[in-house]
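Please open the structure in your viewer and keep the sequence beside it. The stops below say what to select next and what is found there.

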Amino acid sequence: MYASKTFTPFIRYWALGLSLIVLSGCGSEVKEHSQTIEYQTVLSQTLVLNDHYQHMQTYTGTIRSANTTGIGFELAGKLNNILVDSGDTVTKGQTLAQLDTDLLTAEKQQLQASLLQTQADIDLAKNTLVRTQKLKLQNYVSEQQLDETQQQVISLQANQKRIEASLRATTLKLEKSTLLAPFSGKISQRFHNVGEVIALGSPVFTLIGNSQPLAYIGVPIDIAQQLTTQQMVDVRVGKQTFSAEIAGISAEVNTISRTVQLRILLPDSARVINGEIAYLAYQQDVQQPGYWVPMSALTDGVRGLWNVFLLAKAEQDYYLIERRDVDIIYTNEQQAYIQGAIQATDMIVSQGLHKLVVSQKVTLAQIELEGAL
């Protein structure tokens with residue numbers, strides 16, 4: 001009993017000593033790790049100076065057939081018959097619609113009757129003139145009577161020509177009461193119905209020709225001055241892209257859009273619809289020095305400026321972060337063309353700027369981006 005009581009304190013002291021030894025070892029290990037310093041690793045890019053950049057600009061316009069016409073009758077009247085409708089394909093000379101011609105038919109018959117009567121009067125006047133001339137030789141009539149007879153014949157002949165001209169005009173009106181297709185194409189719209197009285201020159205249909213489609217696109221004056229007729233350009237319509245030829249460049253500026261219109265000839269095989277939007281992509285070389293950087297290399301600055309993080313050599317393999325102001329000249333989806341407080345051969349951080357602060361020490365990753373993108 002006495003021996004067990006003596007042994008118990010010994011065990012307690014032994015366990016306490018062992019714990020102190022373990023804690024002492026842990027403390028020395030923590031102290032050793034705290035002396036190791038690791039710096040942030042960043043991706044860098046060396047700047048390369050360029051003397052120009054390529055600016056891709058897209059201009060819009062519309063598709064129109066070379067023949068797109070609102071067609072109608074050349075005279076007023078009641079619409080008596082319509083033979084085609086929107087969406088129908090027609091050929092040149094095909095009958096499209098007709099006006100009521102009852103009044104014109106009656107007028108023509110009246111003129112024909114007047115012409116017959118005038119012809120009869122002329123025949124009688126000519127016979128009278130022959131007899132008068134014979135009597136004149138025998139001195140049975142005066143010079144006055146002979147002149148009057150001759151004048152009557154001339155007057156009747158003139159009246160005959162007037163009636164013939166009126167008859168031709170009425171016949172022409174009858175012909176023009178039938179609307180014919182001036183060219184082959186497709187009916188786009190119909191504006192009137194049977195029974196309507198239409199005004200002179202009012203269009204009945206819009207006819208779109210089957211001829212080669214054209215794209216009419218407006219561009220700025222400086223771009224128009226760089227283009228020439230017969231130059232090939234890329235035109236996109238919907239999901240289709242065509243190599244098209246510039247058929248003409250307008251000689252005046254649109255007063256509203258301040259652009260010059262291009263007339264671009266699409267291929268015969270182009271399946272496009274009148275009124276579709278056409279896009280002209282034009283790449284222009286802009287002579288201005290600058291540097292290409294990825295969009296991820298830019299961060300917001302003050303007073304509307306943008307910043308890049310420049311890598312300044314510090315010691316050994318370490319670099320210090322410096323903030324530099326830059327101006328963005330041009331951007332595309334992935335890159336920016338910049339100028340500012342930078343120069344060729346400078347190294348900048350290409351991405352991950354949100355993890356960095358000015359004057360922070362960093363090291364370079366093994367991979368470096370190309371400077372001239």
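The tour goes from the whole chain to its sheets, and then to a pair of helices.

**The whole chain**

Begin with everything displayed, and bear in mind that this is a predicted model. The protein contains 4 helices and 22 strands, and 31% of its 373 residues count as buried. If you look at contacts between residues at least 6 apart in sequence, 73% of them join residues that are at least 24 apart.

**The barrel**

Next, select strands 2, 11, 14, 13, 12 and 15, which in that order make up a closed barrel of 6 strands with antiparallel pairing. On average, neighbouring strands of this sheet are turned by 40° against each other, with direction ignored.

Within the barrel, keep strand 12, residues 232-237, and strand 15, residues 277-286, which pair in the antiparallel sense over 4 bridges. To see one place where they face each other, pick D234, which stands opposite A281 of strand 15.

Stay on strand 15 and select Q284, which lies in this strand. Is Q284 buried or exposed? Its relative accessibility is 18%, and because the cut-off for buried is under 20%, Q284 counts as buried. Leaving out residues up to four places away in sequence, Q284 touches Y53, Q54 and H55, and also D222, I223 and Q226.

**An open sheet**

Now select strands 3, 10, 8 and 5, which in this order form an open sheet of 4 strands with antiparallel pairing. At its edges are strand 3, residues 68-72, and strand 5, residues 89-90, each of which pairs on one side only. From strand 3, move across to strand 10, residues 203-209, which runs antiparallel to strand 3 and is joined to it by 5 bridges. One residue to pick here is G72, whose bridge partner in strand 10 is P203.

**Around strand 20**

Select strand 20, residues 335-340, together with strand 16, residues 291-294; the two pair in the antiparallel sense over 4 bridges. If you pick W292, you will find that its bridge partner in strand 20 is Y337.

Then add strand 19, residues 319-331, which runs antiparallel to strand 20 and is joined to it by 5 bridges. Here I328 stands opposite I338 of strand 20. Following the chain from strand 19 to strand 20, you pass through a hairpin of 3 connecting residues. As background for these sheet stops, strands of a sheet pair through backbone hydrogen bonds, either parallel or antiparallel.

**Two helices**

For the last stop, select helix 2 and helix 3, residues 143-176, whose axes come within 8 Å and cross at roughly 160°. Because an angle over 145 degrees counts as roughly antiparallel, helix 2 is described as roughly antiparallel to helix 3. The crossing in which helix 2 passes helix 3 is left-handed.

Finish on T118, which is found in helix 2, residues 102-137. What does T118 contact, once its neighbours within four places in sequence are left aside? The residues in contact with T118 are L156, N159, Q160 and I163. With N159 there is also a polar contact of 3.5 Å, which joins the side chains of the two residues. T118 has a relative accessible area of 5%, and is therefore buried.

Note on methods. Residues are numbered from 1 along each chain as its sequence is written. This is a predicted model: local features need pLDDT of at least 70, side-chain atom pairs count only at pLDDT 80 or more; totals for chains, interfaces and linings use all residues. Side-chain values use heavy atoms; hydrogens and water are left out. Two strands pair if DSSP finds at least two bridges between them. Axes are lines fitted to C-alpha atoms, for helices over the stretch in contact, and angles run from 0 to 180 degrees between N-to-C directions. Buried means under 20% relative accessible area, exposed over 50%, partly exposed in between (1.4 Å probe, protein chains only). A polar contact is a pair of N or O atoms within 3.5 Å; within protein, one must be able to donate a hydrogen and the other to accept it, and residues adjacent in sequence count only if both atoms are side-chain atoms. Contact means heavy atoms within 4.5 Å. Angles under 35 degrees count as roughly parallel, over 145 as roughly antiparallel, 65 to 115 as roughly perpendicular and the rest as oblique. A crossing is left-handed if the near helix is turned anticlockwise from the far one by less than a right angle, and right-handed if clockwise.
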